[in-house]
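I opened my notebook for this one and kept the entries brief. Here is the entry I worked from, so you can follow along.

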Amino acid sequence: MGVSGLCVDGNPAGFLESKSTSCTRVFTNLSRSCVSDPALNAASYYRDFAVLKVPINDTIAESMKVRISPIGPPGAPYMKDNLCNNAVSEVIYEIEFNGTRGIQSVSVQFKVTSISGSSGSSLQQRFTLHFWTRMLSHTLPRSGNPGYMTGAPLLIANDSAVQHMSILQSEGDGSCSQFLRHTVRFGSNVRTGCKLRLTQMEESNCSYIQLKLYKAFQGMNQAEDLAIIGSAHSTQEEEWVTILIQNCSVQTKNCSSCCMIPVTLDIQILWTKMGLLSNPQAHILGVRYFYQCQPLKSLSTSLVPLTTVVTFTDMTEWPEPPRGMPKLHWKLPFDFFFPFKMVLNIEKNYRDDLTAYFVLILILSSILCF
């Protein structure tokens, strides 16, 4: 940004300085600038130059160069019906770096627009530079030892790199954030929603829209495995479970000509408590990424609403208590009349005994007399 908010080319990008700037370009002759001004052409932001992994003063070897990978690059600008189409309105650089190996990869995304060819045409442009690094397993704190603790982040792995599971997060205006994501925490069911904007060129490319939406749901790196326990190590295969993914291809059987795009990601996590009854440990049993899809024609393609749902289900089956457990036996006389009944029973028995003795004496006496 230069004086009065006008765009000034040649400003250096600072290492590890993630920032966004915006400025305005004014065109006196849009018909000529549309096809000749490199600031409007997406190719000028990645073609014919590279980024060095580390700063060096000697001869630059080819292995030290990192080529910039464009994601869905638009075509060159062109004039039609007094409109300059495919003019770049936003440039987003994603730079991955490693503290010991320097810059590893650089990608760039674009947003384009159409400019009216009226006198004194102008264009608001935005430039974003975002640095990020892969989080190694030893840099992440444990989420439990061994079982997960409630509220601790879930651990996922991709290419031996351990990270925290994250889902889409919205900006203040409801749009999907490109950099900020919500961390999934064990035991916390969550639901998030945001809207992803598509350009006019993207709306006509079904496969590109699908790829873009899947990438938005997954984040920088697609998760492949989920840690069974909170202290899992990337080298221990038995401590990880493969994430089952059901994408839109399963739902296109009855609609061969439709463009099915994912609009909802349902993350279903099954877990259980294992170990001693006195100190059970939470273990993950399995996880599934279930994408719910809709035909592209039934949506407003300029803004696609995306929803992510995370559900934890407890599958614990508690065992029966051991048979040898002591049981309480109450011996208190709960019947208030119990003492009185006992006395009456004793007196009745006494009278019966006297009668029996008297009859016996009479029988013996009659026998002796005869």
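My notes below go through disulfides, a sheet, a helix, the nonpolar cores and one pair of residues.

**Before starting**

I reminded myself that this is a predicted model.

**Disulfides**

I began with the cysteines and found that the structure holds 5 disulfides. I wrote up three pairs, among them Cys176 with Cys194.

For Cys176 and Cys194, I read a distance of 2.0 Å between the sulfur atoms. The torsion about their S-S bond is about 90°, so I noted this disulfide as right-handed. Cys176 sits in strand 11 (residues 176-183) and Cys194 in strand 12 (residues 190-197), so the link ties together parts that are 18 residues apart in sequence. Are these two cysteines buried or exposed? I put Cys176 down as buried because its relative accessible area is 10%, and Cys194 counts as buried too, at 5%.

Next I looked at Cys206 and Cys259, whose sulfur atoms are 1.9 Å apart. Their link is right-handed, with 95° about the S-S bond. Cys206 belongs to helix 2 (residues 206-218), while Cys259 is in the loop between strand 15 (244-246) and strand 16 (260-274), so this pair joins parts that are 53 residues apart in sequence. I checked the exposure of each partner: Cys206 is partly exposed at 27% relative accessible area, whereas Cys259 is buried at 13%.

The third pair I wrote up is Cys248 and Cys293, with sulfur atoms 1.9 Å apart. Which hand does the disulfide of Cys248 and Cys293 have? It is left-handed, because the torsion about the S-S bond is about -90°. The pair links distant parts of the chain, 45 residues apart: Cys248 is in the loop between strand 15 and strand 16, and Cys293 is in strand 17 (residues 281-295). I have Cys248 as buried, at 2% relative accessibility, and Cys293 as buried, at 11%.

**An open sheet**

I then traced a sheet of 4 strands, which is open and runs in the order 9-8-13-14 with antiparallel pairing. Its edge strands are strand 9 (161-164) and strand 14 (240-242), each of which pairs on one side only. I looked up the twist as well: neighbouring strands in this sheet are turned by 35° against each other on average, direction ignored.

At one end of that order I followed the pairing residue by residue. Strand 8 (residues 155-158) and strand 9 run antiparallel and are joined by 4 bridges. Which residue of strand 9 is the bridge partner of Ile156? I found Gln163 there.

**Helix 2**

I went back to helix 2, since Cys206 lies in it. Helix 2 has 13 residues and spans 18 Å from its first C-alpha to its last, close to the 18 Å expected at 1.5 Å a residue. I listed its buried residues as Tyr208, Ile209, Lys212, Leu213, Tyr214, Ala216 and Phe217. Lys212 made me look twice, but it is on the buried list.

What do the buried residues of helix 2 pack against? I noted strand 10 (166-170), strand 11, strand 12, strand 16, strand 17 and strand 18 (303-314). Right after the helix comes Gly219, which has a positive phi, near 90°.

**Nonpolar cores**

A general point I kept in mind is that nonpolar side chains tend to be buried together in soluble globular proteins. Here, the largest nonpolar core has 51 residues, and Tyr148, Leu154, Leu226, Tyr289 and Leu306 touch the most other members. Strand 16 gives the most to this core, with 7 residues. There is also a second, separate core of 18 residues, which includes Tyr45, Val66, Phe97 and Phe110.

I picked Tyr289 for a closer look. Setting aside neighbours within four places in sequence, Tyr289 is in contact with Met165, Ala223, Ile243, Leu244, Ile245, Gln246, Leu265, Asp266 and Ile267.

**One last pair**

I finished with Ala13, in the segment before strand 1 (19-27). Ala13 counts as exposed, because its relative accessibility is 59%. How far is the C-alpha of Ala13 from that of Leu129? I read 7.9 Å, for two residues that are 116 residues apart along the chain.

How values were computed:
Residues numbered from 1 in each chain as written. Predicted model: local features only at pLDDT ≥ 70, side-chain atom pairs only at ≥ 80, totals over all residues. Heavy atoms only, no water. Pairing = 2+ DSSP bridges. Helix = DSSP H or I, 4+ residues; strand = E, 2+ residues; numbered from the N terminus. Axes fitted to C-alpha atoms, helices over the stretch in contact; angles between N-to-C directions. Disulfide = S-S within 2.5 Å. Buried < 20%, exposed > 50% of the residue type's maximum accessible area, 1.4 Å probe, protein only. Core = buried A, V, L, I, M, F, W, Y, C linked by side-chain atoms within 4.5 Å. Contact = heavy atoms within 4.5 Å. Expected span 1.5 Å × (residues − 1).
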